[in-house]
Amino acid sequence: MEQQRMLEARIQELSCELELTRKKLLSQFYIDTLTSLPNLYKLRYDLEEMNDFTLIVVDIDNFKLLNDFYGFIVGDFVLESFATTLKDEFKDAKVYRIAGDEFAILKHEKMNFYALREYLGILIQRFSHLCYQYAQTEIFVDCTFSSCVSYEQDDIFSKVNMALKYAKEKRLKFWIYEDMMQLSKEYEANLKYATKIRKAIVESSGIVPYFQPIIDNKTGKIVKFETLSRLVDKEGIIHSPNNFIPVAKTIKVYDKITTTIIEKSFEIFTKDPFDFSVNLSFEDIINPHISEFIITKLKDSALGERVTFELLESDQVHDFAEVVRFFNEIRRHGAKVAIDDFGSGFSNFSYIIKLNPDFIKIDGSLIKNIDVDKNAQMIVETIVDFSKKLGIQTVAEFVHSSTVLSAVKTLGIDFSQGYFIDRPSPQVSS
């Protein structure tokens, strides 16, 4: 009998220990170890248990830059300090750490759009230029807020994150997701494009080059072709790079599109006598895989003298030395260099001097109305005169009518391309 009682007592004791262990493990599962705040798993659990609430997500601006500059120890200090600031500010709400530099605030009330907008406006004032002292260093922190007002609470976390991404992209201090917004449709479209892109890359026929002719303005004859990328899906629908290139960069397969277009272009122009050009972004140039691929293609082919690589001027160049090094290397193999879309984005004449291109392609925004726009005429005339003095040839883009072509010739531009001459085509023809 005594042994039975001792056994039952031991079983009870073990049961209590197991329960404590279970609670401890569960607590660890739901707690962020750095800040001791509830984590993403706890937030998701709480969202399922609540009906009326407002979810706000806050992200520290440029935290990666701060972490890289000061080091991870200081980065962790900032995260801990920011967590404390949030807990002190939101005593009537629950605060969570849901990702590296992202936190969530769960308020136990459902705020309408106008109340929420006013509330977030107050928060961005309170959380502007937060200062944390680490040793003798003052570290300043800013952040971005997002939230959601929706008739349905399904996927509320996804909607708030869509709003945060939108705010970051547009450099806004906060954004509120509403059901009338098209963000979810945009995300759905991007997911579909991501699938199309991956299939197109796997099936070599999915990424194809199109070719747009460029004429010599003196002779009117086609002298070269610009190579442009297109995506052909399984239904045979042809997609513009404006639609699929941004998604390709997001899912990190953009380099495969670039190398595919270069590979197919070189193969085609091995059999065709025309000169041709290929577009490159700054991202392409600093990618060792792509730059080495290009050098190898130039070495292994006899096309070096016939190919021009066009740097997209709309891409901001962060390292001119790297671009110049690449340009010098491809010129050793006979290739030429062009600045594409000049006049569209970060144009300045020091850009031309630093990169010393063989061609400048004047952006269509300046060309399309040049027959009637006096300001555009003056700007283009300046670009052409400057280029001639440096021995650089010019190309007019977006030549869509006979009157525009006439104006382009009058201004002394060397070459032209556009729909008036011909549209991009999968075949090279004169």
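The expected span of a helix is 1.5 Å times one less than its number of residues. Helix H11 fits that well: with 13 residues, H11 reaches 18 Å from its first C-alpha to its last, close to the 18 Å expected. Keep in mind that this is a predicted model. The protein chain has 16 helices and 16 strands, and buried residues make up 46% of its 430 residues. If you take the contacts between residues at least 6 apart in sequence, 67% of them join residues at least 24 apart.

**Nonpolar cores**

- The largest nonpolar core has 51 residues. Ile-294, Phe-309, Phe-327, Ile-330, Ile-362, Ile-367 and Val-380 are the ones with the most contacts inside this core.
- Helix H11 (residues 288–300) gives this core its largest share, five residues.
- Apart from this core lies another one, of 32 residues. Its members include Phe-82, Met-111, Cys-143 and Phe-145.
- Back in the largest core, what does Ile-362 touch once its neighbours within four places in sequence are left aside? Its partners are Phe-342, Ile-367, Val-380, Ile-383, Val-384, Thr-394, Val-395, Ala-396, Glu-397 and Ile-413.

**Helix H11 and what sits around it**

- The buried residues of H11 are Ile-290, Ser-291, Phe-293, Ile-294, Ile-295, Lys-297 and Leu-298, so you'll find a serine and a lysine on that list.
- The cover over these buried residues includes helix H9 (254–271), strand E11 (275–280), helix H10 (282–285), strand E12 (307–312) and helix H12 (320–331).
- The axes of H9 and H11 come within 10 Å and cross at roughly 10 degrees. Angles under 35 degrees count as roughly parallel, and H9 and H11 are therefore roughly parallel to each other.
- On the H9 side, the contact is made by Asp-255, Thr-258, Thr-259, Ile-262, Glu-263 and Phe-266. H11 brings His-289, Ile-290, Phe-293, Ile-294, Lys-297 and Leu-298.
- Sorted by class, the contact of H9 with H11 has six nonpolar, three polar and three charged residues.

**Helices H3 and H4**

- Helix H3 (residues 63–70) and helix H4 (residues 72–89) pack with their axes 6 Å apart, at an angle of about 135 degrees. That makes H3 oblique to H4.
- H3 makes the contact through Phe-63, Leu-66, Asn-67 and Tyr-70, while H4 uses Phe-72, Val-74, Gly-75, Val-78 and Leu-79.
- By class, this contact of H3 with H4 has seven nonpolar, two polar and no charged residues.

**Two buried residues to look up**

- Ile-392 is in the loop between helix H15 (374–389) and strand E15 (393–396). Is this loop residue buried or exposed? Ile-392 counts as buried because its relative accessibility is 3%, and buried means under 20%.
- Not counting residues up to four places away in sequence, Ile-392 touches Ile-352, Pro-357, Asp-358, Phe-359, Ile-360 and Ser-387.
- Ile-392 and Ala-338 are 54 residues apart in sequence, and their C-alpha atoms are 9.4 Å apart in space.
- Thr-227 lies in strand E9 (residues 222–232) and is buried, with a relative accessible area of 2%.
- Leaving aside neighbours within four places in sequence, Thr-227 is in contact with Pro-209, Tyr-210, Phe-211, Ile-261, Ser-265, Phe-269, Phe-276, Ser-277, Val-278 and Asn-279.

**Positive phi values**

- As background, most residues other than glycine have a negative phi.
- Which way does Ser-36 go, positive or negative? Phi of Ser-36 is positive, near 65 degrees. Ser-36 is in the loop between helix H1 (2–30) and helix H2 (40–49), and it is exposed, with a relative accessible area of 51%.
- His-129 isn't a glycine either, and has a positive phi of about 55 degrees. Look for His-129 in the loop between helix H5 (113–126) and strand E4 (130–134). His-129 is exposed, with a relative accessible area of 53%.
- Lys-252 follows helix H8 and has a positive phi too, near 60 degrees. In H8 itself (residues 241–250), the buried residues are Phe-244, Ile-245, Val-247 and Ala-248.

Definitions and conventions:
Residues are numbered from 1 along each chain as its sequence is written. This is a predicted model: local features need pLDDT of at least 70, side-chain atom pairs count only at pLDDT 80 or more; totals for chains, interfaces and linings use all residues. Side-chain values use heavy atoms; hydrogens and water are left out. Axes are lines fitted to C-alpha atoms, for helices over the stretch in contact, and angles run from 0 to 180 degrees between N-to-C directions. Helices (H or I, at least four residues) and strands (E, at least two) are DSSP runs, numbered from the N terminus. Angles under 35 degrees count as roughly parallel, over 145 as roughly antiparallel, 65 to 115 as roughly perpendicular and the rest as oblique. Contact means heavy atoms within 4.5 Å. Ala, Val, Leu, Ile, Met, Phe, Trp, Tyr, Cys and Pro count as nonpolar, Asp, Glu, Lys and Arg as charged, and the others, Gly among them, as polar. A nonpolar core is a set of buried Ala, Val, Leu, Ile, Met, Phe, Trp, Tyr and Cys residues joined through side-chain atoms within 4.5 Å. Buried means under 20% relative accessible area, exposed over 50%, partly exposed in between (1.4 Å probe, protein chains only).
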